[in-house]
Every structure is written in C-alpha cells, then in structure tokens.
Amino acid sequence: MITLNHVQKQFGGRVLFKDCSLQIGARDRIGLIGPNGSGKTTLFRMILGEESIDSGEILIAKGVKMGHLPQEVISFRGDTVLGEVLKSVPTILSLQDKMRILEEELSSIDNPKTQEKLAKEYGKLQERYTLLGGYGLEAEAKQILNGLGFRERDFNRLTDELSGGWLMRIALSKILLQSPDLLLLDEPTNHLDLESLVWLENFLAGYPGAIVIVSHDRVFLNHLIDRIAEIEGEKIDLYYGDYDRYLTEKESRREILEATYKTQQKKIEQTERFIERFRAKNTKSSQVQSRIKMLEKIERIELPKERREIHFEFPSPTRSGHRVIEVKNLHKSYGETVVYRGIDLALFRGDKVALVGPNGAGKSTLLKILAGVLDYDKGDVLPGKDITRAYFAQHQFDLLRPDNTVYEELLSIATDESQTQLRTLLGAFLFSGDDIEKKVSVLSGGEKSRLVLAKMLLKPANLLLLDEPTSHLDIASRNVLEMALKQFQGTICLITHDRHLINQIASKVIEVDQGIPNVYIGNYDDYLYKKQSTPSEKEVGTIRASTPECGFSAGRRELPQPVKKRPSSRVKEERRKRAQEMDQFRKRFSGLEKQFLEAEKSLQEVTQKLDLLNQKLSDPNLYLNPRETFETVEAHKQAREQVSQLTQLWEFLALEMEEMERMNVMSGGED
C-alpha cells in the first residue's frame, strides 16, 4: 500500500534518515518507536506529503485514504461536538443537504410530472446515501464519542467551550468515523483516561485498515501491533511481534552485533599489525598490498550510539507517621454537580496507590484535595505527623516561567544548593551543556515534564501526589521513572493511564465510581481480576475497603448502628446458622487452599523451565540456527508470561486465604 525506498532526510547538519526503507501493507499493525526527537513525527509528515524528502522515493497506491492524528492540539470552533464530528464525512453531509432541499421542493409542488421527476432524483440520492451508511452515521458517531469519554449531554455543547484534551478526542473521533485505509496516530493515548484508552484499544483491534502508531504505552502496543519499526541511528529497524518480543529480539541482535564487531576488530588489528610489520620488506610487498586493499573494501561494523536516558532516584525522605493523611466526611461539589458526598479515606506510610475511574469521576479532584491545592465544601483533611507533600500535575507546565532558562527555573526554588549540584541534577534529566540555557518557552512537552520532575526532586517529600507523570515521556524515560517510584521509601498516590506503570508499582488500586472510592488490593491486573470476580469476592473487597489494616480505608461515612439484643429464644437458631456458615467457610477455604497448592506447584515447574531456557539463550551457538533461535525465544516469552501470571495468581490466592482467616476470626470463628 505504501513503500519507502532508500529515503534520506536531514535538517541543517542533522541527519534524521539515511537510506531508510519501509513497507506498510493493507492490514499491517506497526508500532513506530524511538526517543523524542528521533524523527517519528517527521516520518508521518513525509508520508502525508507535508514534508519533502532529500532523496529516495515514497510510493503510495492509488486511491489510498489516510487519516492522521497529530500530537498538537487542533482547534475546532463554531459547531457542536456531534456536528463537528459529522463534518468529517462531507460526502454524506452533502447528500443530506440535497435530499433535504428535494424534500422541501416535493412538499411545495403540485404538478404530478414535476413531482415524479423529483421523486426519481430523490430515490437515487437516497440509494447512494444508504450505500454510504448515511442512516447509521449519527449513531456510529455517537458510539465513538461515548467510547472516548463524551456523554449524551456533551453532544450539543459548542466546541469553543472545550479544553485542548477534549478537542484532541474530537479530532480522533473524526478520523475513526472516516475509517480511512491507513491510520497514522501520533500519541493517540496522551489525552485519554484509562477507560477511554481501553475502549480505543478494543476499537483498533478490530479496525479493518492498516495502522501505524507512535506510542510510549507498551501495554497499548503489546495489545495492538504485530511489528515494531524503531528509528535509531538514522535507520529504521524492523522487528516482528509485539513490544515485549521486540525487547527480546533487540537484545539478541545487540549481542550478536557486539560479538561480530569484536571479531571484525580483532581481524582488522591483526591485518594492520601485519601491514606495519612487513611494509618495508620487498619480499612481502604483494601480501601487504593485498591486505591494504582488503582493509579498504571491508564494510566496517558500527555499534549504535549509547542512548542518553534520565537517571535519578528520589532522595530518602523524612520518615512520616504511620497514618500519612486522612479524609473525614468529605463533601465536594462544582455548582450543582456533586463529586463527593461524605467519604472517608486514609493513606498509610508505604502505600503506593493508583486512582482509576472514568473521566469526570473525580480522580484529579481527590488528588488536588489531598495535595492541599483545592478547597472542599465540608469535612476534614488531616495530614499526619511529619508529612511533606509534592504534587505533580500537567497544569504545572503553566507555572513554569517561559522567559526563564532551564537553569534559572531550577535556581528559582533552590536554597543552599551549589551551582554544581543544580547542574548535576539537570544533567540527570538530560539537560546538559547548552541545553540548560534553553528558554522554557521553546521546550517540548517531554522536556517540560522532565523539568517539573527535576524541581520536585530538588525538594524531597515523603508523600508524592502525581497526576499523569508519564505524559510526553518516551519509554526509556518512563522506565527510569518507574524504577525511581519502585525504590521510593515514602507514600505515593498517582493517576495514570499507563497500565504497565500501575502493574509495576501499585500495591492498591482505588476505583472512583460515582463519588465512591472502592479499594482493590494489588496492581492493575489484580484490580481487573477482582472486577470480574464473584459477588462474594467483591464483598470481601468491600470489607477490605473499610478496614484500616489494609493500608487504605475508603467508603461513604455511615452513622454507627445500635446493636439490638437478640431474644434468648433465638440462640439455638443463631448457633445453627453459625455452624452452617462455618461449614461453608471450611469448604471455600479448602477450595482456595487446593488452588493455592496447585498454583505453587505449577509455578515451580514453569520457573525451572524458564531457568533452562535462560541457559539455552546464553549459549552463542544457539544463534547459528535461526529456526531454533526463534522457537527458543518464543518458548522463553511464553514461559516468562506463565511465571508472571502464576505469580500473580499465587499472590492473590495467598491474600484471599489470609483475608478469609482474618475475617473469620473477627466475626467470632475458630482461631
């Protein structure tokens, strides 16, 4: 469908692409990756014809329609949300207008012959309108808008009222409604909440055309793509499989390249020594000349440049009290819209909590209240002993002073830090050399994110409150942030649509649903499992939500209920019921214990299998047989996934058994 042949492109003295080729087929799912500034957006612009190429060619099959979602916010004015989305299909709208005009004419004309002529013309328009899907167009547009977070009441709102993030959702809706042959999506998840992201993921999984996606969300890529195109070192390298397979294959290629490079360097050194040794001897002149020519012809292997990555960890904060922050009987409304009505919750030292829920549920509101940057209507927010808070939010970009340089921005909050310390900190966030003299006004979104994180790091806190900290960060930078949050010794509460990050760091997930925060122990996968669990298991989750020992308590504020004294005549009946409950408890506990032992056994077996495969992958002779290499890598990937799944199952079952025993003791059961 689209072919790039030996394409070259540079800006000034900087080469982005050198002799690059790539093919995009009719059903391909390609993830386009590379560090910020490597040329991903430029590649899209070249395919679209918006950017010229220096040499090579880009061939596009006749009639191919492309839809492009850029990173930059698009402005829409003068129409409603639904009206703006429907404008993306002008052919159908034109037919609608023509049909409406004919309907008006037919209703005002009495001449039978003229009516017959207009009716035939109307019939032709109606037939084409039907073939193009005109009658289902509005319903499809509403379905897409709903999926991306809009509600029925939003359809008639003017686009002029909406923020940049919502305008980007409208732009995405327009492209999806058009259903082009090729979707070029540049960071489509940046402005989505988790619920909308999952909907988009499912929508794209069934999309009939080709897709090329620039994304730093590795879970999103894993679920959608079948190839990775990586821009690195002025080249486009292709890897087959999802993102996890790419990581494995890239590491394998790197090891092979390094081994081949060392072999070549050794041969070159030997040849150069021979030339130097025998250059002056006439008897060896022919051999010397032969080796000189050989060196000139040899195609030198070059190792890729080491990629600069941010390196940092949060300073060890002052130890806080056990109860970090507590909310009592909290009420919060925006005008007539009630967000929270009398909720109680508490964070405890060491909690790493992810807030999830649909857009508008109140996640950011709750985070701002915890951070102390938003007022509330009623209730109490009680910080614990020795608490210091650090708050990261996208709106903080607006608090950066555009006229400051990067260094001046950090210096503005410094106290007794030396110039060397400040420069070292900026260097950890990839601001080095002349970069620290850049004006804030010219920084990219990723650079601004890094600068805000650097400012947070300068002032250590023991409670981090983070609202979408990974936005605009590439995957390498996200990985470093992930490691820093893992190692952080304080308490974390964050909002993110990066499911990989939640899985790696969260010990609890709080789902904000219709103003009620519901607690799920574990990471994102555990949360999904709980959501799909049986009613009895959900009930256990609800009990946990109101139990301080779980580390985070939440729920509506309830008045204590008076305990009624049971009549003595019902004691026997109560004992009988208790006996039945104990019997049910033993049966359920026994079933869980059986599952636990089976999971433990399976985990041991798969772990042993993974160890053997690791040994096999470390053998250089394996890579001499491509077929065996592929099969081993696939088996390794499957084993690794099994270990991950079984580990999560083992941990979940252990927690369930522990919780059942605790609840049984609390309710007066056996020890």
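In the predicted model, 4 cavities of 30 Å³ or more are found within the structure. The largest cavity has a volume of about 50 Å³, and its lining is formed by L69, M168, R169, L172, E187, P188, H191 and L192. Helix α6 (residues 164-178) supplies the largest share of this lining, with 3 residues. Classified by side chain, the lining of the largest cavity comprises 5 nonpolar, 1 polar and 2 charged residues.

The second largest cavity has a volume of about 40 Å³. Here the lining consists of H216, D217, R218, I475, R478, N479, E482, D498 and H500, of which the largest share, 4 residues, belongs to helix α15 (residues 475-487). The class composition of the lining of the second largest cavity is 1 nonpolar, 3 polar and 5 charged residues.

An open sheet is built from 6 strands, arranged in the order β14-β15-β16-β12-β17-β18 with mixed pairing. The edge positions are occupied by β14 (389-392) and β18 (516-521); each has a single partner strand, and therefore one side of each lacks a neighbour in the sheet. On average, and with direction ignored, neighbouring strands of this sheet are turned by 15 degrees against each other.

At the β18 edge, strand β17 (residues 508-513) pairs with β18 in the antiparallel sense over 6 bridges. Within this pair, V509 is positioned opposite Y520 of β18. Toward the other edge, helix α14 (residues 445-458) lies across β14 and β15 (463-467), and the helix runs at about 175 degrees to β14.

Definitions and conventions: Residues numbered from 1 in each chain as written. Predicted model: local features only at pLDDT ≥ 70, side-chain atom pairs only at ≥ 80, totals over all residues. Heavy atoms only, no water. Pairing = 2+ DSSP bridges. Helix = DSSP H or I, 4+ residues; strand = E, 2+ residues; numbered from the N terminus. Axes fitted to C-alpha atoms, helices over the stretch in contact; angles between N-to-C directions. Contact = heavy atoms within 4.5 Å. 1 Å grid on protein atoms, 1.4 Å probe; cavity = no way out; pocket = protein on both sides within 12 Å on 5 of 7 lines; lining within 4 Å. Points joined across faces, edges and corners; volume = space filled by probe spheres on them. Nonpolar A, V, L, I, M, F, W, Y, C, P; charged D, E, K, R; others polar.
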